[in-house]
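Trainee: Please pick one ligand site and go through it closely. I want the shell, the parts of the chain that supply it, and the setting around it.

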Amino acid sequence: MTQKLTVAVLGGGSFGTAIANIIAENGVRTFLWMRDSASATETQSTRENRRYLPGQRLADGLEVTSDLTRAVSDSDLVFVSIPSHSFRAVTRQIAPLLRKEAMVISTAKGIEPEGFTLMSQVLEQELPDHAIGVLSGPNFAKEIVARQQTGTVVASESEALIQQVQSCLRSETFRVYANPDRYGVELGGALKNIYAIVCGMAAALGAGHNTQAMLLTRSLAEMGRFAAAMGANPMTFLGLAGVGDLILTCTSDLSRNYRVGYALGQGQPLEEVIQGLGQVAEGVNTLRQVKQKADELGVYMPLVSGLFAVLFEGEAIADVARKLMLGEQNHDVEYMGAD
Ligand SMILES: NC(=O)c1ccc[n+]([C@@H]2O[C@H](COP(=O)([O-])OP(=O)(O)OC[C@H]3O[C@@H](n4cnc5c(N)ncnc54)[C@H](O)[C@@H]3O)[C@@H](O)[C@H]2O)c1
Ligand SMILES: O=P(O)(O)OC[C@H](O)CO
């Protein structure tokens, strides 16, 4: 544990609050920044994030603030836990406030439409003089704060960043593995959200264990194919930030993306489902970006195409499922790279 570090976590949703809490529990000086001052004041005084993590008492040392300058200007490490739709805007706000040596880590699992940009690439563009990294893995915020034993991955080209992140986050219940493949770790975290929607939808339609196992495995094959076409290392997807996170989100209704799929499978319209969720489900936008990129690159992604047809082209789930099963026979092979 590092006593001398100062850390800021930006974004007072479920994940930002969960990781800020671990770091503060480790005795590190920690700020949690929320843009809404009433929520920040309430969370600071009640020691509870009532909207996102109700019932969880936050570490005494955690300072919750809506003052962005106070949160980041003294910080050695800054975690950006803002959904992808607003990630760049917040990154721009902090650029002039950061210490020269500050290192910045994304925890967001989404893709910006312009240029198929992952969030650490946004950091790279907006903060070119800072070391940057990614934190990703099978990590439900709710289970982290409930002290369920959890593993995650920090990925960066900077060894110093990896060590600082490990040292401020590691605890008896939170293990932080290092991986040098930032792009692969980040891509895995974004892609799995699409398949969580598919699996939630299948569950709503009564899918059994055979179907679930097939979907999970074929999802991983698609992810690997896409990774290879994007120049990433598909082997990274065999780790926590790939198959680990895929299993987690495709099998649990703690996942917002899975819940979106489940509600769609029950026949609710997409807009209604998203409005009712009240939290971010990155998979819907990621689906749009990945479908477009797969079409551009000519990557065979039947689950992505099928989900896109259901969500945005008005196809019935049963028709898509039938087509997926009958597929083209020349695709009925199973080895990485060939299928
Ligand atoms: N919840 C999890 O278990 C979990 C785990 C790992 C990663 N993630 C990823 O972390 C990111 C954040 O997820 P979350 O679960 O905390 O989301 P959330 O929906 O719980 O909260 C999002 C937070 O971001 C804030 N926000 C949105 N736009 C903002 C803006 N323009 N300026 C300032 N704040 C803004 C909201 O006010 C809210 O506090 C997502 O990309 C998600 O995929 C979530
Ligand atoms: O609730 P979801 O679907 O955004 O998933 C949360 C995390 O990404 C799980 O690792």
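Mentor: What follows is a close look at the shell around ligand 2, then its setting.

First, the ground rules. Residues are numbered from 1 along each chain as its sequence is written, while chains are lettered from A and ligands numbered from 1 in the order in which they are written. The model is predicted, so local features need pLDDT of at least 70 and side-chain atom pairs count only at pLDDT 80 or more, whereas totals for chains, interfaces and linings use all residues.

Start with the shell itself. Ligand 2 is surrounded by 13 residues. A residue counts as near if its C-beta atom, placed from the backbone, lies within 6 Å of the molecule. The closest are Asn139, Thr249, Ser255, Arg256 and Asn257. Three helices, α8 (182–204), α10 (240–250) and α11 (256–265), each give two or more residues. Helices are DSSP runs of H or I with at least four residues, strands are runs of E with at least two, and both are numbered from the N terminus. The largest share, 3 residues, comes from α10.

By class, the shell divides into 5 nonpolar, 5 polar and 3 charged residues. Ala, Val, Leu, Ile, Met, Phe, Trp, Tyr, Cys and Pro count as nonpolar; Asp, Glu, Lys and Arg count as charged; the others, Gly among them, are polar.

Next, the record. An unreviewed UniProt entry lists Lys109, Gly137, Lys192, Asp245, Ser255, Arg256 and Asn257 under "binding site". UniProt positions are given in the numbering used here, feature names are shortened, and annotations may be inferred rather than shown by experiment.

Two of those listed positions deserve a closer look. Lysine 192 lies in helix α8. The residue is buried because 32 other C-beta atoms lie within 10 Å. Here buried means 20 or more such neighbours, exposed means 12 or fewer, and partly exposed lies in between, with C-beta atoms placed from the backbone. Lysine 192 touches Asp245, Leu246 and Thr249, leaving aside residues up to four places away in sequence. Contact means C-beta atoms, placed from the backbone, within 7 Å. Asp245 is also on the UniProt list, and Thr249 is among the closest residues to ligand 2.

Arginine 256 lies in helix α11. It is buried too, because 23 other C-beta atoms lie within 10 Å. Its contacts, again leaving out residues up to four places away in sequence, are Leu277, Gln279, Val280 and Ala281. Gln279 points to the other ligand: it is one of the residues that come nearest to ligand 1.

Now the wider setting. The chain is divided into domain 1 (6–180) and domain 2 (184–326). These bounds come from an automatic or database domain assignment. The shell around ligand 2 draws at least three residues from each domain. The shell around ligand 1 also draws at least three from each.

Taken over C-alpha atoms, the domain centres are 26 Å apart. The contact between the domains takes 24 residues from domain 1 and 23 residues from domain 2. On the side of domain 1 that touches domain 2, α5 (119–126), β8 (132–136), β9 (150–156) and β10 (174–179) each give two or more residues. The largest share there, 4 residues, comes from β9. That side has 12 nonpolar, 10 polar and 2 charged residues.

Key:
Two residues are in contact if their C-beta atoms, placed from the backbone, lie within 7 Å.
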